[in-house]
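Here are some notes to read with the model open beside you. Take the points in order and find each residue as it comes up.

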Amino acid sequence: MAKRRQKSAAPIYAAGAVWLVWAAVLPLYRPTHYVLAAAASLAVYLVGRMCIWKDRVILLPDPEPKDRPEAQKQAPPEQKAKAEPAHRAEPDKAPEKPQDPEVAALLAERARAVGEMRRLNDSIEDPVISAQIDHLEEITGKILDHVAEHPQKLPQIRRFLNYYLPTTLKILNAYDRMDAAGVSGANIDGTKGKIETMMTTLVSAFDKQLDALFGEEALDISTDITVLEQMLAREGLGGTPLHSEP
C-alpha cells in the first residue's frame, strides 16, 4: 500500500481569522500592531498545524501490474512470449549458514597474526630471521585454517593461541625495534642473540603444533591399515602383515 500525507487547510484559515479578529477588536495602525498581529497569526497557525489539525496519512492501493495473467491472455503471441520469463521465479538460493563466532574470531586472529608477521619480515633485514619468519607465517596459516575447518580441534590450540603465538609476535617486535636502533650494546646485542637462538626452537614448536592436529587422523589411518593387512593375509591376497593380530 502506498502512503500519501494530506495537509489540512484549517490552520491557514485560522491564521487569517486572527487578522480579522485583531482588526475588529484591537488597534491596527502602527508597525508594532502589525508585528504583534503577525506573531499571533503565526502562533495560531503552528498550534493548529501541530496539535489540532494534524496531517492525515491516506493509504492508496498499489497500482495493478501490467503483466497480470488476464493481460497476457489478450496480448499477441509474440508479446506473451516476452512476458512469460518475467513470471518465472528464480530458484531459491540456499541461505548462507551463519558462521560460528569462534571460527570467525579464529579467522580474524589468523589475518592479524599473518599480517603482523609479514610486516615484521619486511622490516627485519637479517636473512636467517627473515627465512624463519616466512616459515612461521606459513605454519601459522595452516594451523588456523585447519582448525577453522575442524572447530572441534580448537581446544588443542588454546595455549598456542593464547600464549605461544602472541609471545612470538612480541619478541619479534622487540627484535625489530632493537635492530632498527642501529647501535650495538650489551643489552641490544644480548637480547637479539637470545631471540635468534629462540627462533630455532619456535620454528620446531610451530611444526609440532601442526603435526599434533593430525594425531587422531593418523591413528585412525594406522588402525585401518592394520585391519586391511590382516584381512588380506587371511584371504591369501597379501604378504605378511606389518602388524600381527593380538
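1. Let's start with a word we'll need all the way through: a residue is called buried when its relative accessible area is under 20%, exposed when that area is over 50%, and partly exposed in between. With that in hand, 25% of the protein's 246 residues count as buried. Keep in mind that you're looking at a predicted model.

2. Now the overall layout. The protein has nine helices and two strands. If you walk along the sequence, the order reads β-α-α-β-α-α-α-α-α-α-α. Take the contacts between residues at least 6 apart in sequence: 64% of them join residues at least 24 apart. As for the outside, the accessible surface is about 17800 Å², and carbon and sulfur atoms account for 59% of that.

3. How many salt bridges does the count come to? The answer is seven. Let's go through some of them, beginning with R110 and D145, whose side chains pair up at 2.7 Å from N to O. R110 sits in helix α5 (residues 101-123) and D145 in helix α6 (residues 127-149), so to speak two distant parts of the chain linked by a pair 35 residues apart. Buried or exposed, or something in between? R110 has a relative accessibility of 25%, so it counts as partly exposed. D145 is partly exposed too, because its value is 29%.

4. Next, have a look at E137 and R118, another salt bridge, with the closest N and O atoms 2.6 Å apart. Here E137 belongs to helix α6 and R118 to helix α5, and the two are 19 residues apart. What about their cover? E137 comes out at 14% relative accessibility, so it is classed as buried. R118, on the other hand, has 46% and is therefore partly exposed.

5. A further salt bridge joins the side chains of K192 and D179, at 3.0 Å from N to O. K192 is in helix α8 (residues 186-212) and D179 is in helix α7 (residues 158-181), so this pair ties together parts that lie 13 residues apart in sequence. K192 counts as buried because its relative accessibility is 16%. D179 reaches 27%, so that residue is partly exposed.

6. Over to the surface charges. Which residues gather in a patch of negative charge? They are E216, E217, D220 and D224. You'll find D224 in helix α9 (residues 215-234). Its relative accessibility is 49%, so D224 counts as partly exposed.

7. There's also a nonpolar patch on the surface, made of V21, V25 and L26, and together they have about 280 Å² of accessible area. Look for L26 in the loop between α1 (10-25) and α2 (31-52). With 38% relative accessibility, L26 is partly exposed, because that value falls between the two cut-offs.

8. One last residue to find is H146, in helix α6. Is H146 buried or exposed? At 10% relative accessibility, H146 counts as buried. Leaving aside residues up to four places away in sequence, H146 touches K153, L213 and F214.

Methods:
Residues are numbered from 1 along each chain as its sequence is written. This is a predicted model: local features need pLDDT of at least 70, side-chain atom pairs count only at pLDDT 80 or more; totals for chains, interfaces and linings use all residues. Side-chain values use heavy atoms; hydrogens and water are left out. A salt bridge is a side-chain nitrogen of Lys or Arg within 4 Å of a carboxyl oxygen of Asp or Glu. Helices (H or I, at least four residues) and strands (E, at least two) are DSSP runs, numbered from the N terminus. Buried means under 20% relative accessible area, exposed over 50%, partly exposed in between (1.4 Å probe, protein chains only). Patches are made of residues with over 30% relative accessible area and no salt bridge: like charges are joined within 9 Å, nonpolar side chains (Val, Leu, Ile, Met, Phe, Trp, Tyr) within 5 Å. Accessible areas come from the Shrake-Rupley method with a 1.4 Å probe; for residues, only the protein chains shown count as cover. Lys and Arg count as positive and Asp and Glu as negative; His and the chain ends are not counted. The place of a charge is taken as NZ of Lys, CZ of Arg, CG of Asp or CD of Glu. Contact means heavy atoms within 4.5 Å.
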